[in-house]
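Here is a short briefing to read alongside the model. Take a look at the structure first, and then we can walk through it topic by topic.

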Amino acid sequence: MPITVPAYGKEAAGRLASMADMTADDGALRRFLHGLPGVDAVGLQARAATLGTRSIKTTAKAYAIDLAISMIDLTTLEGADTPGKVRALCAKALLPDPTDRTAPRVAAVCVYPDMVATAKEALGGSGIQVASVATAFPAGRVALPVKLADTRDAVAAGADEIDMVIDRGAFLSGRYMAVFEEIKAVKEACVRAGGTSQSETGGGSAAHLKVIFETGELQTYDNVRRASWLAMLAGADFIKTSTGKVAVNATPPVTLLMLEAVRDFHESTGVQVGVKPAGGIRTTKDAVKYLVMVNETLGERWLTADWFRFGASSLLNDLLMQRQKLSTGRYSGPDYVTVD
Amino acid sequence: MNQSDRLSVLKTYKLYLGGAFPRSESGRVYEVTDSKNRWLANAPLASRKDARDAVVAARKAFGGWSGATAYNRGQILYRVAEMLEGRRDQFTAEVAAAEGLSKAKAAAVVEAAVDRWVWYAGWSDKVAQIAGSANPVAGPYFNLSSPEPTGVVAVLAPQDSSFLGLVSVLAPVIVTGNTAVVVAAEDAPLPALSLAEVLATSDLPGGVVNILSGRTAELATPLAAHQDVNAIDLTGAGAELATDLERAAADNLKRVRRPGPADWAADPGTDRLLAFLETKTVWHPMGV
């Protein structure tokens, strides 16, 4: 297996170039994506269900809760968002449990592009990333120049991470090259003025790109596998399940499938890509199931906030309540966490 | 077909959580016997996680139930009494078996329980007149105090009266808008678990009443310590357990009703009704 390099590192481009013949033109890309093995749906669901039955208790549970908190992209994506609400969310990101300062910080705060500056200011140099959705989230139904402008605007405002949506219409109608080129173009737009697209530190000059598939709209598991490979070949740093704005969001089988795609991509190219399930993960129990899946599929290397994230808002409160239960022995209640 | 040829159809008694009838999360059951130690049924042996789930269900139901009009709550509780009336024979048999009463005495107990439920149902739109007041104040204000439900109430049902006692502690809690997590009498939980079937078919929103069967001490301890339970009625706890539970309940300033001798057949009075209410006082400027 090739030596592992991060997807945002400067060596990743070279590794992707080795796959260039698969992405040379529309026909080659289609042949490659349709040549991927079909997904055994029953087997996938059974595997995801089995991994969900692991019993994680006591010290392992405490570790899992703290790990899950540190992996959260604390999210507010409402039309009714105000600077005040974003600042409140940032305060929560910095100090999730004011009654217990040992609770870890979350990984990032995820907002709409016009709130990036507010979030950046509130978080200061705390090390918590600011993620911004872009490319006309959640539908993505605007022309490419508008998507790129949206992205550049968020990056200029200081976003450390960009969550883009793919054009599901183009993907479902088989125009894979259009989706591929769009992801590449957005990746270019993530470069900060004066920087390069491949940074050495991983922070610095380019925002990390998360590519949202909206798996609830992709219809089949085969499509999810194809979309995962397509995005990773185009240079995604993270692949993300959903926007949280449609009926079906992250599910364990879909996430497992994406984790497997990341594993296979890593085995063939050595490029490490992150995964972010988003939407519908509300309880500690669910979060721990996802962590088990990551550990079993990708191993410990991915069990950090750099390579696995939860897109969630209400999950944090449940994690904090469980944390309080573990530390005090009493069941906690919603009166003891914030109302977001 | 000869009567004796029929296979008996045994009932699986289950918990009542959030309007559904699950088995215990733990998968455990325990044997329930009648007063002569003959096996009656297996009842679910609820765990602390069932208690936790019950509190979550009760909290979820609280907004809707406490926000319903008093008239509406009264109508629903009256409906429960109607359903109970239709199942008198079933409850008579269960109470007779559980408490070792003759059929006639058990029937009298069930009738008393139905009457008590009706009596409490009538209080829904009258309790504000008793517990509320218009207060004279030295200023140009209307000053009004009105009773509000306390919230989620954990109820340890009495051990000595499996049905009349249960109704006497449950009805006053929910009629004012509280939601309840009930721990049924440890040795005689069957009437309580059957009451759940009545509640489920009486327009009572799911989660307003949640019924657990099992060891009172095992279930009461996490309920007393639970930060999201607002009050606890210790009627079914022995003296020693009650002291421990009171100590556990002190941490989040739960309202606690201590156990005491009770004559379930006597006129209940408003004591239990008023025990789980908070007073809200509003100052309203008078128009000039």
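Asp160(A) is buried in this predicted model, because its relative accessible area is 17% and the cut-off for buried is under 20%. The residue sits in the loop that links α7 (144-156) to β5 (161-165) of chain A. From there, the notes below move on to chain A as a whole, the contact between the chains, one enclosed helix and some backbone details.

**Around Asp160(A)**
- Setting aside neighbours within four places in sequence, Asp160(A) is in contact with Lys120(A), Ile128(A), Gln129(A) and Val130(A).
- The list of contacts of Asp160(A) also includes Arg192(A), Ala207(A) and His208(A).

**Chain A as a whole**
- Chain A is built from 13 helices and ten strands.
- Its C-alpha trace spans about 60 × 45 × 40 Å along the principal axes.
- The radius of gyration of chain A is 19 Å, which agrees with the value near 20 Å that a compact globule of 340 residues would have.
- Of the 340 residues of chain A, 56% count as buried.
- Among contacts in chain A between residues at least 6 apart in sequence, 75% join residues at least 24 apart.

**Where chain B meets chain A**
- Twelve residues of chain B touch ten residues of chain A.
- Between them the two chains bury about 970 Å², and carbon and sulfur atoms give 47% of that area.
- On the chain B side, the residues that lose the most area to chain A are Arg52(B), Gln227(B) and Asp228(B), which together make up 45% of what that side buries.
- How many salt bridges are there between chain B and chain A? The count is one, and the side chains that form a salt bridge are those of Arg330(A) and Asp251(B), at 3.6 Å from N to O.
- Four residue pairs are in polar contact between the chains, with both residues at pLDDT 80 or more.
- Two elements of chain B, α1 (48-67) and α8 (216-225), give two or more residues to the side that touches chain A.
- Of the elements of chain B, α1(B) gives the most to that side, with four residues.
- By class, the side of chain B that touches chain A has six charged, three polar and three nonpolar residues.

**Helix α8(B)**
- Seven of the ten residues of α8(B) are buried, so this helix is largely enclosed by the rest of the structure.
- The buried residues of α8(B) are Thr216(B), Leu219(B), Ala220(B), Pro222(B), Leu223(B), Ala224(B) and Ala225(B).
- Their cover includes the helices α1 and α9 (239-249) of chain B.
- The strands β5 (152-156), β6 (179-183), β7 (209-212) and β8 (231-233) of chain B also help to cover them.

**Backbone details**
- As background, most residues other than glycine have a negative phi, and most peptide bonds are trans.
- The peptide bond from Phe137(A) to Pro138(A) is cis, with omega near 0°, and Pro138(A) lies in the loop between β4 (129-133) and α7 of chain A.
- Thr58(A) has a positive phi, near 45°, and belongs to helix α4 (residues 58-70) of chain A.
- Is Thr58(A) buried or exposed? It is exposed, with a relative accessible area of 59%.
- Asn37(B) also has a positive phi, near 70°, and is found in the loop between β1 (29-33) and β2 (39-44) of chain B.
- At 62% relative accessibility, Asn37(B) counts as exposed.

Terms used. Residues numbered from 1 in each chain as written. Chains lettered and ligands numbered in written order. Heavy atoms only, no water. Contact = heavy atoms within 4.5 Å. Buried area = accessible area lost by both parts, 1.4 Å probe. Salt bridge = Lys/Arg side-chain N within 4 Å of Asp/Glu carboxyl O. Polar contact = N/O pair within 3.5 Å; in protein donor to acceptor, adjacent residues only side chain to side chain. Nonpolar A, V, L, I, M, F, W, Y, C, P; charged D, E, K, R; others polar. Rg over C-alpha atoms; globule rule 2.2 N^0.38 Å. Buried < 20%, exposed > 50% of the residue type's maximum accessible area, 1.4 Å probe, protein only.
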